[in-house]
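Thank you for making the time this morning. I would like to walk you through one structure, beginning with its aromatic rings and ending with a few single residues.

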Amino acid sequence: MSLLFSMPACSSCISSAHYGFLHETSSMQEVMEGSNGPAISGAMVFDSFRMYSGVVMNALQQQDSSFFISDPRLPDHPIIYASQGFCTMSGFLHDEVVGHEFRFLEGPETNRVTILEIRDAIREEQPCQVRILNYTKHGKPMSNIFHLVPLYSREDGTLVQFVGLYSPVSRIAERDDSQRLAGIEMALWLFSGLLDDSAVLELDHKGVEAGGWGEPCRPSTLEVSAGTDSEVQEAEETRARNAVQSVVRELTRCSGGNVTDKRGVSLEDSAALGIVCSSLLLALNRVKQSFVLVDPHLPDMPIVHASEFFIALTGYSRAEVLGRNCRFLQGADTDALAIQEMRNAVKENRPCTVGLVNYRKDGQAFGNLLHLCPIRNCLGKIAFYAGVQLPLNESDWEASKRKGHTAHLKQLGAVGAIKVAVRSLHGFGLRRARNV
């Protein structure tokens, strides 16, 4: 079944052309912010939409609201689908939206506290609704109600996607807000003696002529205005909730009920099952190296996270990798002594570096400089083991054994970034520790 679901190349249809290249590299800072890795490709998006039936694109195109779908499992948590309404609202073309974070709508007057509230909701895998000032492609400010809803796998509680919906704030509410602010400012001036009664009347008449403040602000007028504004805001928030639930219902239907906005498994239980939480996942996806995390507390130490670089290197899909022991990369020429050295390192809770031959999905052998290292949480207990792979040709093989070799330093940089990501979380990884 094709990801395009036999749809024409229309405005909001998914195609590989919609996926801009993201920035990548390799040193601890370069590992986090580089530019030499895999881009967000059609194959990655196919994997993200694999859970839905072939009618999902038709169903999404019937929605007339301004929304996007993003995947926190992919590097930089990119948008993987944008509605026509979203592009019309923002002024951005689809090619400029899909494959990028949705933060491009932020601007100089966007409230930073609101941004943090959204980030914490993502890290905690929880829904949120906020009022936020955004900007169009051409810099025009626009007030929106932003509603974010996480989607989970009904089977194991894994966070799979977010739906983000923007609903414009009515001009009536904006005008009422400006009237109240102007009234408060005028009252402060009057209280401080900067204005006398005649100046107040002059300002008030100017406000009437300009269609601004209206009648002098008597208590009854303010009460009616506040009441009306509250009703307008409640109606707007209800409209936003209904719109996003309409999108969620279609996605649930197209998944056969396998995707839901109701968490069936708690974060604590998910962690016990070896599922990496969203907060950690977002940090790990910034590490631009081929690596896996394995959970030593689960039977047979399965892989619980594989980077996109690992997927590209080995040729396996994420679904074929997660939950398996790393031995599936071994083959006829894999050195048994190197395997034993890794087993000893795990038993002794220490890092090790070995050179060995591994095999891609298509059977092709490649030289691999593998660095294995225990990763401790903020309590000092081993939470994972990280295995960082570096493919080497024969000419690099001897050089890789030298202390301080550049390739090995890159691996240590990746391990350092992973350690920071894991240690900066507390509890079960719900929210980042502020003092780290």
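Let me start with the rings, where the count comes to 12 aromatic pairs, a pair being two rings of Phe, Tyr or Trp (for Trp the six-membered ring) whose centres lie within 6.5 Å, with planes under 30 degrees apart called stacked, over 60 edge-to-face and the rest tilted. Before going further, I should say that this is a predicted model, in which local features need pLDDT of at least 70 and side-chain atom pairs count only at pLDDT 80 or more, while totals for chains, interfaces and linings use all residues. Residues are numbered from 1 along each chain as its sequence is written, and side-chain values use heavy atoms, with hydrogens and water left out.

One of these pairs is formed by Phe68 and Phe86, which meet edge-to-face with 5.9 Å from centre to centre and 75 degrees between the planes. Phe68 belongs to strand β1 (residues 66-70) and Phe86 to helix α4 (residues 84-90), so this pair ties together parts that are 18 residues apart in sequence; helices (H or I, at least four residues) and strands (E, at least two) are DSSP runs, numbered from the N terminus. Phe68 is buried, with 0% relative accessibility, and Phe86 is buried with 0% as well, where buried means under 20% relative accessible area, exposed means over 50% and partly exposed lies in between, using a 1.4 Å probe and protein chains only.

Phe92 and Phe104 make another edge-to-face pair, because their ring centres are 4.9 Å apart and their planes stand at 65 degrees. Here the link runs between the loop from α4 to α5 (94-97), which holds Phe92, and the loop from α5 to α6 (112-123), which holds Phe104, the two being 12 residues apart. Phe92 counts as buried at 15% relative accessibility, whereas Phe104 is partly exposed at 24%. These four residues also appear in a cluster that ring pairs build from Phe68, Phe86, Phe92, Phe102, Phe104, Phe146 and Tyr166.

From the rings we can move to the nonpolar cores, each a set of buried Ala, Val, Leu, Ile, Met, Phe, Trp, Tyr and Cys residues joined through side-chain atoms within 4.5 Å. The largest core has 28 residues, and those touching the most other members are Phe49, Tyr52, Val56, Leu60, Ile69, Leu151 and Leu251. Two or more residues come from each of α2 (42-49), α3 (56-61), β1, β2 (79-82), β4 (141-153), β5 (159-168) and α9 (219-254), and the largest share, seven residues, is that of α9. Leaving aside neighbours within four places in sequence, Leu151 is in contact (heavy atoms within 4.5 Å) with several residues, among them Tyr52, Val163, Val248 and Leu251. A second, separate core of 24 residues includes Ile79, Val97, Cys128 and Tyr152.

What about polar residues that are buried? Asn134, in strand β3 (residues 128-135), is buried at 1% relative accessibility, and its side chain makes a polar contact of 3.3 Å with the side chain of Asn144. By a polar contact I mean a pair of N or O atoms within 3.5 Å; within protein, one must be able to donate a hydrogen and the other to accept it, and residues adjacent in sequence count only if both atoms are side-chain atoms.

Arg318, in helix α13 (residues 318-321), is likewise buried, at 14% relative accessibility. A polar atom of the Arg318 side chain lies 3.5 Å from the backbone oxygen of Ala306, and beyond neighbours within four places in sequence, the contacts of Arg318 include Asp47, Arg73 and Glu308.

Now to the backbone, where most residues other than glycine have a negative phi. Met301, in the loop between β7 (291-294) and β8 (303-306), has a positive phi of about 45 degrees although it is not a glycine. Asn349, in the loop between α14 (336-347) and β9 (352-359), also has a positive phi, near 55 degrees, and is partly exposed at 42% relative accessibility.

Finally, how many disulfides does the structure hold? There are zero, taking a disulfide as a pair of cysteine sulfur atoms within 2.5 Å. Cys373 is in no disulfide, and the nearest cysteine sulfur, that of Cys352, is 9.3 Å away. Cys373 is buried at 5% relative accessibility, while Cys326 is partly exposed at 30%.
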